[in-house]
Amino acid sequence: MPISTFKGGIHPPYRKLSKDEKIEFAPLPDRVFLFLTQSAGAPPKRLVEQGQDVKTGQKIAEISGFISSNLHSPITGVVREIKKMTHHIYGKPDEVIVIERTGEDEWEKMEEMDWKDLESKVIIERIKEAGIVGLGGAAFPTHVKLTPPKDKKIDTLIINGAECEPYLTIDHRLMLEKAEEIVEGIRIISKVLGNPRVMIGIEDNKMDAVDEMKKHAEKYGMEVFPLKTKYPQGSEKHLIKVLTGREVPSGGLPLDVGVVVQNVGTALAVKEAVVNGKPLIERGLTITGGGVKEKKNVVARIGTQIEDLINFAGGFVGNVKRIVLGGPMMGIAIPNTTLPIVKGTSGILVLTEEEIDRGVKRNCINCGRCVEVCPMNLMPNRLYKLTYMKRYDQAYEEGLFDCIECGSCTYICPSKIDHVKFIKLGKRVYSALRRGKK
Ligand code: SF4
Ligand code: SF4
């Protein structure tokens, strides 16, 4: 039976169109476009020059700060160009390394490791070297998350298999097809954290994944919990609340309540890095939506252009109106398909006019529905109005930065108000104003 749930949230149409599609390998791309910034934090320092030959797995950019991550070449080829482009995820100029493939993979892997007898610091160093970041979407460097400050005792590791965003199915398929490897990754993470309690949370619309994960995880003392299917069940704060009853304080982090949360895809990447010596050069993602011919779950090389992957899925069909990276609730719409996937790309949604039709925007009618569904107990109608009126200080006082940008308010609003757009803008302006005052 599902355990307790959180207050608020919504039940959008889940449209898990690709849930029965086995994971396929996308063809090796002829060219990759690698933004230096592939994670939260500082961009790494580039190590290659134009004209240089590179091998698959070779480190091409190196950590440049405490929160930063290494970058490796996803193909064997030659660095054709180094240029500046606006990053489609982070919205700021960034350097891009363009690599042209010259043949099949010639690997430059790290040594394979038997992790069971290794010290935690050696394992963390390997995870850092491999450029592993959180693959659930946030792309936070994993080695940093696994190195909590000494005064923070971690007693619980939560593994996020909720996959609560509509359309996305890659985590579901990974749990069905790679459960044993995911569990080995979880054992490695658990060892690094000093063997805390391990709780694996999966929404109850994926009971086959619950069964599969139980089969491999329970023998190691891990607990697998079916969770109520409700968006945003996969948000870190809500997973922690539902599974442990603990509340992450406003402005705080999971480690403030003794918890580390990792996604199932990240656990798999950790296993591959530590056991097989493979850096993060590819990831699983879902290609789906009414506007693409075949719905697929694929493993694709980082830096592959989106148009290559859409072509692999049979190309466009119908009246395509929008392409989104990530899920429909929190993903980012992109202007063209020549852009590449990055380490944080969990899906490519090709949406038709019918799928995105939200109707006509009107004035707020004070119905309160956005307040009812807000999982952070905020008043989205107030936050929207305050940022619209440029009253950023007041919006801050009323919890602007507690908003997790889940989009539940925007989804439910009968007046079709895009609260999240205003909230994101409000956060950016408030932060810029604060910096200006220092
Ligand atoms: S205000 Fe933020 S947290 Fe609340 S429903 Fe809207 S987007 Fe989600
Ligand atoms: S749901 Fe929309 S119309 Fe209703 S109170 Fe919120 S912003 Fe206003």
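**Ligand shells, cores and an open sheet in a predicted model**

In this predicted model, ligand 2 is surrounded by 13 residues, of which Cys364, Cys367, Cys370, Asn381 and Cys413 are the closest. The shell around ligand 1 has 16 residues, and those that come nearest are Cys374, Pro380, Cys403, Cys406 and Cys409. The points below take up the two shells, the nonpolar cores, the sheet of 6 strands and the setting of Phe33 in strand S2.

**Ligand shells**

- Sorted by class, the residues around ligand 2 comprise 8 nonpolar, 4 polar and 1 charged.
- The corresponding breakdown for ligand 1 is 12 nonpolar, 3 polar and 1 charged residues.
- Helix H11 (380-388), helix H13 (408-412) and helix H14 (419-437) are the elements that each supply two or more residues to the shell around ligand 1, and H14 gives the most, with 3 residues.

**Nonpolar cores**

- The largest nonpolar core is made up of 97 residues, within which Leu309 and Ile348 have the most contacts.
- Apart from that core lies another, of 18 residues, which includes Cys370, Leu383, Leu400 and Phe422; Cys370 is also one of the closest residues to ligand 2.
- When neighbours within four places in sequence are left aside, Ile348 is in contact with Leu285, Ile287, Ile306, Leu309, Ile310, Ile323 and Leu325.

**The open sheet**

- The 6 strands are arranged in the order S1-S14-S13-S17-S15-S16, forming an open sheet with mixed pairing.
- Strand S1 (23-25) and strand S16 (332-333) each have a single partner strand and stand at the edges, so one side of each is left without a neighbour in the sheet.
- Strand S13 (residues 282-288) pairs with strand S17 (residues 347-352) in the parallel sense, over 3 bridges, and Thr286 stands opposite Gly347 in S17.
- Helix H3 (residues 170-177) lies across S1, S13, strand S14 (296-301) and S17, and its direction makes an angle of about 125° with S13.

**Phe33 and its surroundings**

- Phe33 belongs to strand S2 (residues 31-35) and counts as buried, because 21 C-beta neighbours lie inside 10 Å, where the cut-off for a buried residue is 20 or more.
- Although Phe33 and Gly303 are 270 residues apart along the chain, their C-alpha atoms are separated by 4.6 Å.
- Not counting residues up to four places away in sequence, Phe33 touches Val96, Val98, Gly303, Gln305 and Pro340.

Conventions. Residues are numbered from 1 along each chain as its sequence is written. Chains are lettered from A and ligands numbered from 1 in the order in which they are written. This is a predicted model: local features need pLDDT of at least 70, side-chain atom pairs count only at pLDDT 80 or more; totals for chains, interfaces and linings use all residues. A residue is near a molecule or strand if its C-beta atom, placed from the backbone, lies within 6 Å of it. Ala, Val, Leu, Ile, Met, Phe, Trp, Tyr, Cys and Pro count as nonpolar, Asp, Glu, Lys and Arg as charged, and the others, Gly among them, as polar. A nonpolar core is a set of buried Ala, Val, Leu, Ile, Met, Phe, Trp, Tyr and Cys residues joined through C-beta atoms within 7 Å. A residue is buried if 20 or more other C-beta atoms lie within 10 Å of its own, exposed if 12 or fewer, and partly exposed in between; C-beta atoms are placed from the backbone. Two residues are in contact if their C-beta atoms, placed from the backbone, lie within 7 Å. Two strands pair if DSSP finds at least two bridges between them. Helices (H or I, at least four residues) and strands (E, at least two) are DSSP runs, numbered from the N terminus. Axes are lines fitted to C-alpha atoms, for helices over the stretch in contact, and angles run from 0 to 180 degrees between N-to-C directions.
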